[in-house]
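Ready for a few exercises? Keep the structure open beside you and try each task before you read its solution.

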Amino acid sequence: MIRYQKFGRVELNVTDLARSRRYYEDIVGLQFVEQGPEGEVLLRCDHDHHNVVLHAAASAGLRVAGFGLEDESQFEPLRERLRAAGLDAREIPPALCARHRQQRALRVFEPRVGAVIEFYLPLADTARPFRPGVARIQRLGHVVFNTPRAAEAIAFWRDVLNFRVSDAVGEMVTFLRVWPNPWHHGIGIASAPEYSLHHVNYMVSEIDDIGRALARLRKAQSPVVFGPGRHPASESVFLYFLDPDGLTMEYSFGMEAFPERFAREPRQLPLAPEWLDAWGSERDPRCFTGAAPNAPLEAAMEGA
Ligand SMILES: CC(C)c1ccc(C(=O)O)c(O)c1O
Ligand SMILES: [Fe+2]
């Protein structure tokens, strides 16, 4: 069975690199790491070398979602599973691996979520302390994919990639753990007409991070589009807001953690507003809908 470390990387296309770098540093609270040879901006929010990469592009959306493997012994079995599933997984050349402080990495276009997915092994001796800034971010939390093939995607990520379903809210969204990572979900699969980014989540430390974010976002005239509220599924307190390109970002804290073995059964929760937010906040229609279609593999391999 394939074992993962976590959801650890996300690469986003943004329409104004300097504007987004300022936003993700000053408003979201990510730490700038470096600018890459293609001009891409690397940022971090935990002990990894980086967690977020911003690329200049004509339209904003998801470029790559990356999952760390638990150890080297997972690499070849995963590669074989992807091959057996008919997917063209490409190994990342050593130069890009070195820039990304990875031992090895595969990138594959996963057609059911319609996105480029990276599976990677971090290099040893690359973890360094993350010193939080405006928000006490603990880690990159989850990525949710919009897809018109949600049922097929859930089956593939569960049965082939060995992610574990934690809960579903109607047929709107299903949450999966990056097993055996304990957090309620590292990915969500949401039903939508397009293959695009639904949102990216950052896990923060406490209610003050949400309260301070509200004031900071309002002062920066950055739209708050849902919450503050509490998600009954993962028990998280949450807040959604839009980045300068209209991509939906989420802060949350208090997420349910699962044991590796003897975990509770997944629940099929009712599709009703109170099962998305127990506090009853209104959701702005711009929430979850602002991303362009996900980048294709060729674009994601540029510079590789
Ligand atoms: C409204 C979205 C899809 C949602 C719902 C529930 C949770 C949770 O239980 O943590 C989320 O993180 C969400 O993004
Ligand atoms: Fe979320």
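**Exercise 1. Find which side chains make polar contacts with ligand 1, beginning with H142.**

Solution. Keep in mind that this is a predicted model.

Step 1: Start at H142, where an N or O atom of the side chain is 3.2 Å from an oxygen atom of ligand 1.

Step 2: Move to H199, which has a polar side-chain atom 2.9 Å from an oxygen atom of ligand 1.

Step 3: Go on to Y240, with a polar side-chain atom 2.5 Å from an oxygen atom of this ligand.

Step 4: Now look at the wider surroundings of ligand 1, which include V173, F175, H185 and F288.

**Exercise 2. Work out which protein atoms are donors to the iron ion (ligand 2).**

Solution. Step 1: Look around the iron ion for its protein donors, and you will find NE2 of H142, NE2 of H199 and OE of E250, at 2.0 to 2.2 Å.

Step 2: Write their spacing along the sequence as H-x56-H-x50-E.

Step 3: Place two of the donors in strands: H199 belongs to β13 (residues 196-204) and E250 to β16 (residues 248-253), so this pair, 51 residues apart, links distant parts of the chain.

Step 4: Check their accessibility: H199 and E250 are both buried.

**Exercise 3. Is strand β15 enclosed or open to the outside?**

Solution. Step 1: Count the buried residues. In β15 they are 6 of the 6, so the strand is largely enclosed by the rest of the structure.

Step 2: Sort the side chains by face. In a regular strand they alternate between the two faces of the sheet. For β15, one side carries V237, L239 and F241, the other carries F238, Y240 and L242, and all of these are buried.

Step 3: Look for the partners of β15. It runs antiparallel to β14, with 4 bridges, and also antiparallel to β16, with 6 bridges.

Step 4: Match residues across the strands. V237 has R230 opposite, while Y240 faces E250 in β16.

Step 5: Follow the turns. The hairpin of β14 and β15 has 6 residues between its strands, and E235 there has a positive phi near 70 degrees. Between β15 and β16 there are 5 residues, and G246 in that turn has a positive phi of about 85 degrees.

**Exercise 4. Put the strands of the open sheet in order.**

Solution. Step 1: Trace the 9 strands as β14-β15-β16-β13-β9-β12-β11-β10-β17, with mixed pairing.

Step 2: Mark the edges, β14 (224-230) and β17 (267-269), which each pair on one side only.

Note on methods: Residues are numbered from 1 along each chain as its sequence is written. Chains are lettered from A and ligands numbered from 1 in the order in which they are written. This is a predicted model: local features need pLDDT of at least 70, side-chain atom pairs count only at pLDDT 80 or more; totals for chains, interfaces and linings use all residues. Side-chain values use heavy atoms; hydrogens and water are left out. Donors are N, O and S atoms within 2.8 Å of the metal (3.2 Å for Na, K and Ca); water is not among the atoms, so sites may look incomplete. Buried means under 20% relative accessible area, exposed over 50%, partly exposed in between (1.4 Å probe, protein chains only). Two strands pair if DSSP finds at least two bridges between them. A residue is near a molecule or strand if one of its heavy atoms lies within 4 Å of it. A polar contact is a pair of N or O atoms within 3.5 Å; within protein, one must be able to donate a hydrogen and the other to accept it, and residues adjacent in sequence count only if both atoms are side-chain atoms.
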